[in-house]
Amino acid sequence: MTSKRRKNDTETVGTGKKKDKREETPKISEITEDTDVRDRVKVAWLKKEHLSHGSIELDCRPFPHCVIKNFIRNEGFLENLEKELLDLNFHEKSNDLYKFKQSDDLKKRKEAHIAGLRAVLFERFRLWLSSVFAVELEPVVDVSCAKYEYTDVLLCHDDELEGRRIAFILYLVRPWESSDGGTLDLYSVDGNNQPKDIVKSLVPSWNTLIFFEVSPVSFHQVAEVLSKDKCRLSVSGWFHGRSLERLPRYIEPAAPRSPHLPRDEELLLEWINPIYLDVAYQAQVQEEFEESSEILLKNFLKEDKFEQVNEALKQSEIQWVKRGPPNKRSYRWAEQQGLPPCVSACWELLSSEAFFLLLSNFTGLKLHFMAERAAGSTDPESSAVWLAKPSTPLCRGELRCWGHGDYTLIHDTNVDSMEFALDLLLYFGCEGWQADFGGFTSYIASGEDEELLTVSPESNSVALVYRDKETLKFVKHVNHRSLELERSSPRGTSFYDFSFVYYE
């Protein structure tokens, strides 16, 4: 989409005359002109001490950050800047980490007030920051405009990227309350420098600028916007310079894997819809699976078994535990020990030897020693590979509960995603769930944002997805719309899944 603004250097005003579109330079806070204040900020930053003086406040908890109120002194400039920003073309941005609307880079915009703001940020304010941080900052700055509206969010991250030194946000929001969401939340870290808890939340306010040094512990998020009629408008970006050295990233221990449980086909007969035990139908499923490496099997469990587990998950006293850290995931899960008998039996089904063989028949994968190679395959090399691959198929599983605010993120330290595997998702409690609530599982190619596949929660359905080393997955943030189910459904606002991964 192209801009509707004029491309010439003049604009018509109300009198019919033409006015030059010159850059208008704002007057920024007098704090930046006071050398004594600058030196005090510099010392406090170095010593990680708290400082409050006039319109500036420096706080070092949980990591050093600074707030300057009334950053621009001329209100007329701000109002015109707001109008120019709102007239820009905004692009929908949505992936595992965020959902909001963003403008193109503002470095080349010619609107008078955008150009004026850019000039003071790139020159005068940059030099002030260089002095405070005692670091040379490059003259070119990343800067763009963001609009956060209802259910928009930017989840936990540290901003670290080669060359980024200082992050900044200038808020242009009308009266805003913490109940509107959209706060800038700052995280503490644990002994592995992983984010732990939100220890401070900054409410956006008109003409307030916040900046902080990008570091291995600068974890923060923009909380989900909860207001349906307000827009969280801001100009933000990064000043660049020589990158800080950082310790190697923490690598989580790999989740334990187990061989199948020695359970025979009687378990399948007890639990699974008979149609899926028919050999001819299994061959049909395998043929479809081999074409796309994924399939959805509806009404998978017998109705009585499904209802037993469904009710137990909703009504039992299961001990759900929050799982993090928030830069990787946030949801609740339960260990197998202590589960109600029917829920534990469902877990046992998915871990059983008979189920491994059934999955082999569904997919053509060798998840059991009795599995034959793919139906219709006559490739001798393929047969040789199967015969020369003596291994013990393994699995790992989780029982998870999903509700408002839950998600998983793609991260480059996930060793479990760097190999071939078969994912299984079995859903419960999804009645009335809608795609715009989030909570769906998205598969993407490594290095790409475009989705390869989306698996939406659907009760008593099994999703099977075979992924390679270049395929990544995440569960989209469950947003505030999901709470609307509380008014329309007696089942509550959460759903559940068994998430299992099988390895040949």
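This report walks through one helix, one serine and several salt bridges in a predicted model.

## Helix 6

Let's start with helix 6, which covers residues 303–315, 13 residues in all. At 1.5 Å a residue it should span 18 Å, and its end C-alpha atoms are indeed 18 Å apart, so expectation and model agree.

Its buried residues are Lys305, Phe306, Val309, Asn310, Ala312 and Leu313. Looking down the axis of helix 6, you'd find these buried residues within an arc of 165°, so they line one face of the helix. As for what sits over them, the cover includes helix 4 (266–271) and helix 7 (341–351), along with strand 19 (394–402), strand 21 (421–428) and strand 26 (495–503).

## Serine 234

Next up is serine 234, found in strand 15, which runs over residues 232–240. Its relative accessibility is 2%. Since buried means under 20%, serine 234 counts as buried.

Who does it touch? Skipping neighbours within four places in sequence, serine 234 is in contact with Ser144, Cys145 and Ala146, and also with Ile169, Leu170, Tyr171 and Leu172.

## Salt bridges around glutamate 30

Across the whole structure, a search turns up 27 salt bridges. One of them pairs glutamate 30 with arginine 73, with 3.1 Å between the closest N and O atoms. Glutamate 30 sits in the loop between strand 2 (18–20) and helix 1 (35–47), while arginine 73 sits in the loop between strand 5 (65–68) and helix 2 (75–86), so this pair ties together parts 43 residues apart in sequence.

Arginine 73 is partly exposed, at 37% relative accessible area. The pair also belongs to a wider set: Glu30, Glu33, Arg73 and Arg124 are linked in a network of salt bridges.

## Two more pairs

Lysine 230 and aspartate 180 form another salt bridge, where the closest N and O atoms are 2.7 Å apart. This pair links distant parts of the chain, 50 residues apart: lysine 230 is in the loop between strand 14 (220–222) and strand 15, and aspartate 180 is in the loop between strand 10 (164–171) and strand 11 (184–189). How exposed or buried are the two partners? Lysine 230 is partly exposed, with a relative accessible area of 28%, whereas aspartate 180 is buried at 9%.

Then there's arginine 38 and aspartate 39, whose side chains meet in a salt bridge at 3.2 Å, N to O. Arginine 38 is partly exposed, at 24% relative accessible area, and aspartate 39 is partly exposed too, at 36%.

Terms used:
Residues are numbered from 1 along each chain as its sequence is written. This is a predicted model: local features need pLDDT of at least 70, side-chain atom pairs count only at pLDDT 80 or more; totals for chains, interfaces and linings use all residues. Side-chain values use heavy atoms; hydrogens and water are left out. Helices (H or I, at least four residues) and strands (E, at least two) are DSSP runs, numbered from the N terminus. The expected span of a helix is 1.5 Å times one less than its number of residues. Buried means under 20% relative accessible area, exposed over 50%, partly exposed in between (1.4 Å probe, protein chains only). The arc is that of the directions from the helix axis to the C-beta atoms. Contact means heavy atoms within 4.5 Å. A salt bridge is a side-chain nitrogen of Lys or Arg within 4 Å of a carboxyl oxygen of Asp or Glu.
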